[in-house]
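Welcome, and please take a moment to turn the model around before reading on. We will walk through it one region at a time.

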Amino acid sequence: MKLKYILSLVLLLMTAVTNAQQKKTVQSNLSKQPAVNDQIKSLQVGDKVPDIVIAKIINDQVRTARIADFKNQLLILDFWDTYCGSCIETLPKLDAMQRKFGDKIKILAVTYQKEGLVVDFFNKNRFLKGLKPACVVEDDILRAYFKHKIISHEVWIHNGVVKAITNPEYVNEKNIEAILKGEHVDWPVKNDSYDFDPKRRLFSLNESGLYAKSNRFQEVSGITGYRAGIDYRRGIAFDDDTLKHDYRISFYNKSIVDAYKALLFQSDTVKRSFILTPGRIILQVKDPSKYIYNSELGLKDAWDRENMFCYEMLSTQLLKKTERIKRVIQDLNFKLDLNARWEKRKVNCIVIYKANPAIDPDTVSIPKVPAMKIIFSAIPLIAFDMSQQYPPAIDESGYKESIYLLPMNGEKDTLRKQLQRYGFDYKEAEREIEVMVISEQ
């Protein structure tokens with residue numbers, strides 16, 4: 001792959017990913033916080049909160065405070081840091097809740113980071129657009145009372161009692177009103193796992209040593225439910241011990257669709273130059289809501305706990321990676337009573353084509369404003385597929401070279417005008433393309 005193509009692709013990917021991140025559900029991140037005081041017992045839901053002194057507050061009317069100062073308000077502590085992209089995405093939402101409820105609530109962002117670093121961050125961060133929430137800095141006491149590993153981490157305190165410990169998704173108008181009205185809430189407690197080891201087996205084979213080597217298990221596998229409180233993003237993991245002839249494949253907290261996505265792309269040696277947009281996923285199932293999250297049906301956290309799962313396969317046979325993946329797919333199909341596969345289907349697509357043969361793309365002038373050079377065949381992926389908003393995009397132009405594009409900011413019309421300069425355009429039409437099909441047996 002040419003270096004110039006890599007550089008231009010990376011720049012456009014950054015634009016596309018930024019736009020996509022503004023729309024996606026907030027995800028957790030491991031905090032980089034220093035160790036906390038283990039002598040302080042971590043408070044749990046239902047515990048009374050001591051009158052903790054909060055020493056350094058910025059962007060607020062007061063510089064210091066005590067927990068008792070908020071006795072007539074709902075106090076929400078939002079633990080975050082400047083390294084956590086999803087935490088930063090959460091801040092405007094929290095600010096909106098603060099503005100809506102006014103003096104009825106107090107939301108304090110809390111970080112262990114130095115005051116100067118945080119002040120500089122708020123002054124320069126473009127995403128926040130000048131937003132400067134009330135923030136506790138250089139904290140080492142609140143995070144000791146409310147220990148956690150994954151951020152954002154939300155602690156709800158009302159009438160001096162811990163009412164809930166959640167992820168930021170729960171901080172919405174409905175839930176805030178419920179606490180203020182004194183209603184009993186029974187939300188899942190965000191309880192981070194401190195002993196998670198991704199290489200530790202899900203299933204123990206304690207008796208395997210009792211058998212002769214020739215009679216050892218050949219293959220064993222299993223599924224467990226969602227495992228809360230971990231931050232594991234490795235995807236499909238291969239952990240092999242060649243000395244013991246133990247070969248392990250595993251993944252954690254994946255939906256059925258995401259698990260099959262990851263597996264099918266590794267099930268053969270075909271190099272697929274697309275990503276699975278919704279239009280490339282065919283679900284032949286009774287209840288699609290069990291496969292793909294629908295925000296209209298409730299919170300993502302509740303859906304994750306109900307529908308995500310962990311998986312492990314252990315084998316004594318060393319096989320090619322593609323063969324091992326195929327075995328996992330067959331095993332999941334059997335255990336879940338499904339059939340997942342690649343198929344060619346006719347679906348609605350965005351088709352990029354040569355609209356004006358009279359224009360020679362190679363003779364079009366380079367824009368005077370800053371633009372990025374991009375190989376034409378990458379445009380369907382970058383301009384359409386990465387946003388996950390449009391039908392699958394394909395290139396039928398036959399053009400193999402590069403063109404210059406301005407940042408698209410997710411707008412199709414902006415892209416259309418730029419393509420038309422080079423004699424290209426796009427339309428929606430049916431095409432037979434490769435899709436992922438999941439059907440219930």
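Along strand β9, His153, Val155 and Ile157 point one way, while Glu154, Trp156 and His158 point the other way, and all of them are buried. Since six of the six residues in β9 (residues 153–158) are buried, this strand is largely enclosed by the rest of the structure. Keep in mind as you look that this is a predicted model.

Who are the partners of β9? Strand β5 (residues 74–79) runs antiparallel to β9, and six bridges join the two. Strand β10 (residues 161–166) is also antiparallel to β9, joined to it by five bridges. You can follow Ile157 in both directions: its bridge partner in β5 is Leu75, and its bridge partner in β10 is Val162. The hairpin of β9 and β10 has two residues between the strands, and Asn159 takes a positive phi there, near 55 degrees.

From here, move to Phe146. Leaving aside neighbours within four places in sequence, Phe146 is in contact with residues of β9, namely His153, Val155 and Ile157. Its other contacts of this kind are Ser42, Leu43, Val49, Leu77, Phe79 and Val162. Phe146 belongs to the largest nonpolar core, which has 39 residues; together with Leu77, Trp80, Leu108 and Phe122, Phe146 touches the most other members. There is also a second, separate core of 26 residues, and among its members are Phe251, Val285, Tyr291 and Met436. Such clusters fit a wider pattern: in soluble globular proteins, nonpolar side chains tend to be buried together.

Next, look for the cysteines. How many disulfides does a search of the whole structure find? The search finds one, and this disulfide joins Cys84 to Cys87, with 2.2 Å from S to S. The link is right-handed, with 80 degrees about the S-S bond. Both ends are hidden away: Cys84 counts as buried because its relative accessibility is 2%, and Cys87 counts as buried at 0%. Two further cysteines, Cys135 and Cys349, are likewise buried, with 0% relative accessibility for Cys135 and a relative accessible area of 0% for Cys349.

Now turn to an open sheet of four strands, which has the order β11-β15-β13-β12 and antiparallel pairing. β11 (219–225) and β12 (237–241) stand at the edges; each has a single partner strand, so one side of each is left without a neighbour in the sheet. On average, neighbouring strands of this sheet are turned by 15 degrees against each other, direction ignored. The pairing of β12 with β13 (residues 246–254) is antiparallel and spans five bridges, and Asp239 stands opposite Arg248 in β13. Across β13 and β15 (309–315) lies helix α6 (residues 256–264), which runs at about 140 degrees to β13.

Another helix worth a visit is α7 (residues 300–307), where Lys300 has its place. Is Lys300 buried or exposed? With a relative accessible area of 14%, Lys300 is buried, because the cut-off for buried is under 20%. The side chain of Lys300 is joined to that of Asp304 by a polar contact of 2.6 Å.

Finally, step back to see the whole protein. It has ten helices and 20 strands, and 46% of its 441 residues are buried. Among contacts between residues at least 6 apart in sequence, 78% join residues at least 24 apart.

How values were computed: Residues numbered from 1 in each chain as written. Predicted model: local features only at pLDDT ≥ 70, side-chain atom pairs only at ≥ 80, totals over all residues. Heavy atoms only, no water. Core = buried A, V, L, I, M, F, W, Y, C linked by side-chain atoms within 4.5 Å. Buried < 20%, exposed > 50% of the residue type's maximum accessible area, 1.4 Å probe, protein only. Contact = heavy atoms within 4.5 Å. Polar contact = N/O pair within 3.5 Å; in protein donor to acceptor, adjacent residues only side chain to side chain. Disulfide = S-S within 2.5 Å. Pairing = 2+ DSSP bridges. Axes fitted to C-alpha atoms, helices over the stretch in contact; angles between N-to-C directions.
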